[in-house]
Amino acid sequence: MKRLLFLIFVLAGFCCVTNAQQSKADRFYLEGMRQIDAGNPTAAFQMFCHCLELDPRMASAKFQLSLLQQYLRNDSVAAGLLVEAVEDAPDNYWYKQALVDYYARHNDTDKAVEVLEKMSEQFPTDENVLLMLEEMYKQKQDYANVVKILDRLEVKEGKTEALSMEKYRIFVQMNDKDRAFKEIQSLVDEYPNDLRYEVLMGDLYFSNDDNEKAFSIYQDVQAKDSSNVNLMVSLLNYYSKTNQDSLYQKLIEDISTNPRLDNETRLRFLNSLVMQNLSEKKDSTQLLGIFDRVMKMPQENTQIAELYARYMITMDMPAEKVRPVLVQMQGIDPECDLARNQLLQYAIQENDTLGIIRLCKPAVDYSSDNPVYYYYLGIAYFQADSTQQAIDTFRKGISKASAQNDVQITANIYALLGDCYHKLGNTRLAYEVYDSCLLYRPDEALVLNNYAYYLSLEGKRLDKAEEMSLRSLAKEPDNYTYMDTYAWILFQQKKYPEAKEYIDSALIIMGDDADAGDFTIYEHAGDIYAKLGFMDRAVEMWQISSDLGNKSAVLVKKLKKQKYYAY
């Protein structure tokens with residue numbers, strides 16, 4: 001870059017560029033643009049530098065170099081080149097706009113305004129320049145100049161509704177009451193059938209503490225159109241600030257249930273009530289009552305019901321209160337995922353297997369792309385001992401989850417599918433899908449544990465089982481079930497002292513929390529103690545296993561003979 005600047009200064013001394021030099025510079029410029037299109041910014045940079053060696057005042061080359069320097073975050077160099085490009089090509093609109101954009105991005109609004117003011121004189125027919133100037137003056141909070149720009153736009157475009165409203169808003173910000181009133185009055189006169197401006201006039205009087213005049217205007221508008229939404233909102237504000245609570249509450253209900261309101265306006269109004277209720281932590285009783293009445297009206301779509309449901313969920317209302325609204329949403333739109341997902345959450349929380357099936361099966365039947373439905377439907381079938389149906393559902397779910405690149409749920413489905421195959425006695429397929437699961441989630445502790453345990457029961461690939469079991473323990477070192485698995489693998493490897501160390505730890509962590517599902521751990525403990533010669537302790541463990549519900553014939557034989565027997 002130093003070489004470039006040196007060349008610029010040296011070549012600036014030449015008063016002219018020959019036609020041959022210009023032609024050669026143009027060729028270098030075109031090659032530079034070609035290199036940019038090809039994604040070779042370094043080569044492009046060199047080409048534009050050659051351009052300036054041939055023609056130090058070549059604005060287009062300086063402009064492109066400025067862009068490259070901005071890309072390299074050399075901001076000061078980029079700014080200098082861009083300023084020079086503008087000076088060398090003073091009639092180029094786009095270079096000047098790029099310079100304005102640069103100043104704006106770097107929060108240098110004074111310089112941006114300086115360039116824009118010159119542009120507004122140079123390009124007097126371009127409204128975009130005035131609009132950019134207006135935005136810059138707004139950022140500077142220079143409202144007097146904003147008004148001047150709006151006046152200039154009004155001269156060019158004529159008086160328009162949008163410009164008058166913008167001037168009104170600026171006058172309000174400037175606290176220029178007289179001009180604000182004058183601007184609104186002009187809109188009232190210009191558009192006598194648009195009651196918005198009369199309402200705004202009332203709002204302006206109200207903001208200036210002339211409550212009587214404001215209310216008089218509101219009453220005039222009400223006589224012309226009692227269902228005017230702008231009026232209703234202004235009256236709500238009026239009743240609230242003048243502490244007329246009963247009128248305020250009544251108006252809220254009137255607006256909410258007004259049959260002349262379109263669905264979108266009603267939704268916006270109800271949403272504002274919800275936001276206010278949550279931010280001010282008001283009692284929900286009235287708002288819930290309003291929603292109940294609104295939901296009895298014809299519904300074009302699920303939007304209002306969705307707002308109602310979200311509000312109740314945010315308020316931590318019980319499922320029995322929210323569920324009817326969700327069911328109504330499904331009646332409006334049977335494929336409404338929001339309602340189905342929330343109902344599914346309730347069914348899962350309540351361990352309602354039939355409810356899960358009832359919710360997920362229709363979604364699976366119409367081939368929903370949401371893998372969650374296949375996942376929970378498969379679980380429900382598995383819990384209901386419909387194992388083959390669970391397998392079929394999980395298989396469909398894998399394709400949906402894979403298509404969405406959902407790694408976690410894909411791994412979960414493979415894990416459960418492995419459990420299904422193992423339950424049916426197909427260990428080959430079980431191990432295949434466990435391997436598939438571990439491809440997605442190599443540290444999935446539950447799968448590592450189950451896979452290792454099933455291998456240990458068969459006495460196969462015990463080294464692999466040991467490695468997987470250790471990985472599961474590394475993830476969950478205090479999981480007594482995983483400790484039991486590892487102890488049992490060590491037992492199968494005839495490493496009895498090491499097995500005792502882990503089974504003892506499992507029993508300590510389990511403590512008094514054992515239930516019927518833990519009887520296998522006690523039987524394993526008894527077997528390990530028996531192999532080490534601690535027969536009294538072994539019998540004690542076997543008896544606890546039996547008391548917890550273990551009805552194995554081999555266990556009965558162990559207790560009767562007080563001797564270890566293998567399965």
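Begin by selecting helix H5, residues 75–88, where helices are DSSP runs of H or I with at least four residues, numbered from the N terminus. Its 14 residues should span 20 Å at 1.5 Å a residue, and because its end C-alpha atoms are 20 Å apart, the model agrees with that value; the expected span is 1.5 Å times one less than the number of residues. This is a predicted model, in which local features need pLDDT of at least 70 and side-chain atom pairs count only at pLDDT 80 or more, while totals for chains, interfaces and linings use all residues. Residues are numbered from 1 along each chain as its sequence is written, and side-chain values use heavy atoms, with hydrogens and water left out.

Staying on H5, colour Ala78, Ala79, Leu81, Leu82, Ala85, Val86 and Asp88, which are buried (buried means under 20% relative accessible area, exposed over 50%, and partly exposed in between, with a 1.4 Å probe and protein chains only). Asp88 also belongs to a network of salt bridges that links it with Arg57, Lys62 and Glu84, a salt bridge being a side-chain nitrogen of Lys or Arg within 4 Å of a carboxyl oxygen of Asp or Glu.

Next, step back to the loop between helix H4 (59–71) and H5, where you will find Arg73. Most residues other than glycine have a negative phi. Phi of Arg73, however, is near 65 degrees, a positive value, and this residue is exposed, with a relative accessible area of 71%. A second residue to select is Asn405, in the loop between helix H23 (387–403) and helix H24 (407–423). Phi of Asn405 is near 55 degrees, again a positive value in a residue other than glycine, and Asn405 is exposed at a relative accessible area of 62%.

Now turn to the salt bridges, of which the count comes to 34. One of them joins the side chains of Arg293 and Glu253, at 3.1 Å from N to O. This pair links distant parts of the chain, with Arg293 in helix H17 (residues 285–295) and Glu253 in helix H15 (residues 245–256), 40 residues apart. Arg293 is partly exposed at 36% relative accessible area, and Glu253 is partly exposed at 28%.

Finally, select Arg428 and Glu432, whose closest N and O atoms are 2.9 Å apart in a salt bridge. Both lie in helix H25 (residues 427–440), 4 residues apart, about one turn of the helix. Arg428 is exposed, with a relative accessible area of 52%, whereas Glu432 counts as partly exposed at 39%.

Conventions:
Helix = DSSP H or I, 4+ residues; strand = E, 2+ residues; numbered from the N terminus.
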